[in-house]
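Please open the structure in your viewer and keep the sequence panel visible. The tour proceeds by selections, each followed by an account of what is found there.

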Amino acid sequence: MTDEDAKLSLNLELLYPEAARRVQILEELRRSWPGVVGVERARHSMPYNLGVSAISVAVDDVRAVDMLKSVKGNILRALRLRFQYQPRGEFELNITVGVPARRGEVQSSHATNAADIQISEDELTERMSGAPETLPEDINRAITHLKIFLEKLK
C-alpha cells in the first residue's frame, strides 16, 4: 500500500468528547423542546446551539423573545436534570430573531447579488499573471476567479 492509498480517519467524538456530547444533548433537547418550554413557546422557537455555558435559541417573531426569557430557568433545569448538563459559570440564554445561517452558507441578501456579478476574461487573465509559475493553470484560474468574485460580493 502506498502513501497515496492510505486514508486518514479522525473520530471527532474521541477528539472532542465534550463538544460531541453537547451536540447529542442539543438533538435530544430539540425533540423534547415543547415539554421544556411549553407548546406555545415551542411553536415559535427552536434551540440551535449549545455551548459550554450558553444556549442559543432562534425565534420566528420578536414577541417570542420575552416569552422565552421567562422560561430561562426551566431550560436550565431541564438541561441539568434530563441531560446532566452543567454549565461553566453563568448560564446564558441567547435569543436570535430569525433562523441564523449555518457556517459556510451565503446569506440570502448576498445570494440575490451573486447572480449579478460579472467577471470578464480580461480581468481574470490580468489577475492570474501574478501567480507562482509552479501553480497549475486550472487551479490559478479557479482561485483567481473566487478572489475576484468575493471582492465584488462585498
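Select Ser45 first, a residue found in strand E1. In this predicted model, Ser45 counts as buried because its relative accessibility is 5%, below the 20% cut-off for that class. Display the side chain of Trp33 as well: a polar contact of 2.9 Å joins the side chains of Ser45 and Trp33. Leaving aside residues up to four places away in sequence, Ser45 touches Trp33, Val57, Ala58, Val59 and Leu68.

**Strand E2 and its partners**

Next, select strand E2, residues 54–59. Is this strand mostly covered or mostly uncovered? E2 is mostly covered, with six of its six residues buried. In a regular strand the side chains alternate between the two faces of the sheet. Colour Ala54, Ser56 and Ala58, which point one way from E2, and then Ile55, Val57 and Val59, which point the other way. The residues of both sets are buried.

Now add strand E1, residues 45–50. E1 and E2 form a hairpin, with three residues between them. The two strands pair in the antiparallel sense over five bridges. To view one position of this pairing, select Met46 together with Ala58, its bridge partner in E2.

Which strand is joined to E2 by six bridges? It is strand E3, residues 92–97, and E2 and E3 run parallel. Select Val57 to see this pairing, and then Ile95 of E3, which stands opposite.

**Helix H2**

Move on to helix H2, residues 17–31. The helix has 15 residues and reaches 22 Å from its first C-alpha to its last, which is close to the 21 Å expected at 1.5 Å a residue. Highlight Ala20, Arg22, Ile25, Leu26 and Leu29, the buried residues of H2. An α-helix has 3.6 residues a turn, so residues three or four places apart point the same way.

What do the buried residues of H2 pack against? Their partners are three helices, H1 (12–15), H3 (33–37) and H6 (72–83), together with the strands E1 and E2.

Within H2, select Leu26. Leu26 is classed as buried because its relative accessible area is 9%, under the 20% limit. Beyond residues up to four places away in sequence, Leu26 touches Pro47, Tyr48, Asn49 and Leu50. A distance label between the C-alpha atoms of Leu26 and Tyr48 should read 7.4 Å, although the two are 22 residues apart in sequence.

Glu18 is also found in helix H2. Is Glu18 buried or partly exposed? With a relative accessibility of 38%, it counts as partly exposed, since that class lies between 20% and 50%. Setting aside residues up to four places away in sequence, Glu18 touches Val52 and Arg88. Show the side chains of Glu18 and Arg88, which make a polar contact of 2.6 Å. Val52 lies 34 residues from Glu18 along the chain, and their C-alpha atoms are separated by 8.8 Å.

**An aromatic pair**

How many aromatic pairs are counted? The count comes to one. Select Tyr85 and Phe91, which form an edge-to-face pair, with 6.3 Å from centre to centre and 75° between the planes. Both Tyr85 and Phe91 are buried.

**The whole chain**

Finally, clear the selections and view the whole protein chain, which has nine helices and three strands. From the N terminus on, the elements run α-α-α-α-β-β-α-α-β-α-α-α. Of the 154 residues in the chain, buried residues make up 26%. Among contacts with a separation of 6 or more, 58% are between residues 24 or more positions apart.

Colour the chain by pLDDT to end the tour. The average is 83, and 82% of the residues score at least 70. Then select residues 105–112, over which pLDDT stays under 50. For this segment the model has three contacts beyond four places in sequence.

Note on methods:
Residues are numbered from 1 along each chain as its sequence is written. This is a predicted model: local features need pLDDT of at least 70, side-chain atom pairs count only at pLDDT 80 or more; totals for chains, interfaces and linings use all residues. Side-chain values use heavy atoms; hydrogens and water are left out. pLDDT is the predictor's confidence in each residue, from 0 to 100. Contact means heavy atoms within 4.5 Å. Rings of Phe, Tyr and Trp (its six-membered ring) pair if their centres lie within 6.5 Å; planes under 30 degrees apart count as stacked, over 60 as edge-to-face and the rest as tilted. Buried means under 20% relative accessible area, exposed over 50%, partly exposed in between (1.4 Å probe, protein chains only). Helices (H or I, at least four residues) and strands (E, at least two) are DSSP runs, numbered from the N terminus. The expected span of a helix is 1.5 Å times one less than its number of residues. Two strands pair if DSSP finds at least two bridges between them. A polar contact is a pair of N or O atoms within 3.5 Å; within protein, one must be able to donate a hydrogen and the other to accept it, and residues adjacent in sequence count only if both atoms are side-chain atoms.
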